[in-house]
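Me: I would like to go through this structure by asking what the terms rest on. Please give the value, then the rule, then the conclusion.

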Amino acid sequence: MSSNNPAGKLLIDEPAPHVTRLTISNPDKRGALDQTILDAFASTMGKLDARCVIITGEGSIFSAGYDIGDLPDGVFADEAEKLVAHPFAAAIDAIDAYPYPVLAALNGHTIGGGLELALSCDLRIAAGPIKLGMPPATLGLVYSHTGIRKFIDAIGAPRTRELFLVAGRIDAPTAHLWGLVNEVVVADQIAGRALALATEIAGHAPLAQSGNKRVIRAVLDGQAALAPAVERELLELRRSCFSSEDFREGVRAFAEKRPPEFRGR
């Protein structure tokens with residue numbers, strides 16, 4: 001979670017017919033999602049015509065989440081909110097909107113915004129040793145209602161509460177038990193298994209794949225509809241956290257590897 005140069009990259013290749021692989025490459029920052037990577041997701045997804053897209057990370061980590069750790073004090077609240085509210089939202093929307101199946105191959109630790117990005121994919125497979133977690137409670141961050149909805153859809157309200165309110169990390173077998181990932185594989189087999197599964201998916205009837213994906217999404221959207229006044233309240237709750245002292249302290253403490261001292265303001 002940092003924001004100095006060099007910028008990360010989104011690597012693109014086509015490892016099999018009708019399969020495109022997008023690899024998050026930001027090795028100096030533990031796969032942090034910076035504006036360059038997020039903009040690349042937003043601009044790339046709409047141009048692809050693959051019948052299955054794999055999203056994975058480079059090296060030994062998938063993504064450590066938002067790239068906000070080194071924002072200067074004077075612009076911290078505004079810039080943190082801008083990154084999370086705009087480039088991140090645009091990237092997530094682009095993944096959500098892709099008409100064919102998207103598979104997340106979690107090759108390494110998957111934390112915070114990295115985990116929401118993975119949950120925006122249709123399927124997730126994880127390497128056995130990895131950890132997954134949602135740290136908003138340790139950062140002083142109120143998470144978006146659209147992001148939390150993804151977790152409730154995937155693992156239900158009780159597990160979502162545990163993930164967000166306890167703010168610990170869980171291992172891949174626990175994530176599989178919860179339904180957060182669909183499959184756990186041996187670490188050195190994650191790339192091969194992802195490609196085999198994507199190739200199988202890409203070989204199915206395209207109209208059925210896009211149609212069934214659309215039906216599933218429409219049903220979930222219908223169940224999650226909020227009254228406009230409630231949605232405005234939740235948006236304001238989230239917006240206000242970015243200017244709080246606790247959020248600034250939480251992010252600084254994370255970057256400095258020390259316990260935060262929250263004051264409730």
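Me: How much accessible surface does the chain have, and what share of it belongs to carbon and sulfur atoms?
Reply: In this predicted model, the accessible surface of the chain is about 12,500 Å². Carbon and sulfur atoms hold 55% of that surface.

Me: How do you know whether the radius of gyration agrees with that of a compact globule?
Reply: The chain has 265 residues, and for that number a compact globule would have a radius of gyration near 18 Å. The chain has 18 Å, so the value agrees. Along its principal axes, the C-alpha trace spans about 55 × 40 × 35 Å. Of the 265 residues, 47% are buried. Among contacts with a separation of 6 or more, 72% are between residues 24 or more positions apart.

Me: What does the secondary structure of the chain come to?
Reply: There are eleven helices and ten strands. One open sheet has six strands in the order E1-E2-E3-E5-E7-E10, with mixed pairing.

Me: What makes E1 and E10 the edge strands of that sheet?
Reply: Strand E1 (9–16) and strand E10 (183–185) each pair on one side only. Neighbouring strands of this sheet are turned against each other by 25 degrees on average, with direction ignored.

Me: Why are E1 and E2 said to pair?
Reply: The rule asks for at least two bridges between two strands. E1 and E2 have six bridges, so they count as paired, and the sense is antiparallel. Lys9 stands opposite Ser25 in E2. The hairpin of E1 and E2 has two residues between the strands, and His18 there takes a positive phi near 65 degrees.

Me: What joins E2 to E3, and in which direction do they run?
Reply: Six bridges join strand E2 (residues 19–25) to strand E3 (residues 52–57), and the two run parallel. Opposite Ile54 in E3 stands Arg21, and opposite Gly57 in E3 stands Ile24.

Me: What makes E3 mostly covered?
Reply: Six of its six residues are buried. On one side these are Cys52, Ile54 and Thr56, and on the other Val53, Ile55 and Gly57, so both faces are covered.

Me: Which helix lies across the strands E1, E2, E3, E5, E7 and E10?
Reply: Helix H8 (residues 190–202) does, and it runs at about 160 degrees to strand E7 (123–127).

Me: Which strands make up the open sheet of four strands, and in what order?
Reply: The order is E4-E6-E8-E9, with mixed pairing. Strand E4 (61–63) and strand E9 (169–171) are the edge strands, since each pairs on one side only. The twist averages 15 degrees from one strand to the next.

Me: Why do E6 and E8 count as paired?
Reply: Pairing needs at least two bridges. Two bridges join strand E6 (residues 109–111) to strand E8 (residues 131–133), so the rule is met. These strands run parallel, and the bridge partner of Ile111 in E8 is Gly133.

Me: Why is Ser120 called buried?
Reply: Its relative accessible area is 6%. Buried means under 20%, so Ser120 qualifies. Ser120 lies in the loop between helix H4 (113–119) and E7. Leaving aside neighbours within four places in sequence, Ser120 is in contact with Ile92, Ile95, Asp96 and Lys150.

Me: How many aromatic pairs does the structure hold, and why is the pair of Tyr98 and Tyr100 called edge-to-face?
Reply: The structure holds four aromatic pairs. The ring centres of Tyr98 and Tyr100 are 6.4 Å apart, and a pair needs centres within 6.5 Å, so the two rings pair. Their planes stand at 65 degrees, which is over 60, so the pair is edge-to-face. Tyr98 has a relative accessible area of 3%, so Tyr98 is buried.

Me: What makes Tyr143 and Phe164 an edge-to-face pair?
Reply: The distance is 5.4 Å centre to centre and the angle between the planes is 65 degrees. The cut-offs are within 6.5 Å and over 60 degrees, so both are met. Tyr143 lies in the loop between helix H5 (136–139) and helix H6 (145–166), and Phe164 lies in helix H6, so the pair ties together parts that are 21 residues apart in sequence. Tyr143 and Phe164 are both buried. Together with Phe151, they form one aromatic cluster.

Notes. Residues are numbered from 1 along each chain as its sequence is written. This is a predicted model: local features need pLDDT of at least 70, side-chain atom pairs count only at pLDDT 80 or more; totals for chains, interfaces and linings use all residues. Side-chain values use heavy atoms; hydrogens and water are left out. Rings of Phe, Tyr and Trp (its six-membered ring) pair if their centres lie within 6.5 Å; planes under 30 degrees apart count as stacked, over 60 as edge-to-face and the rest as tilted. Buried means under 20% relative accessible area, exposed over 50%, partly exposed in between (1.4 Å probe, protein chains only). Axes are lines fitted to C-alpha atoms, for helices over the stretch in contact, and angles run from 0 to 180 degrees between N-to-C directions. Contact means heavy atoms within 4.5 Å. The radius of gyration is taken over C-alpha atoms; the globule rule is 2.2 Å times the number of residues to the power 0.38. Accessible areas come from the Shrake-Rupley method with a 1.4 Å probe; for residues, only the protein chains shown count as cover.
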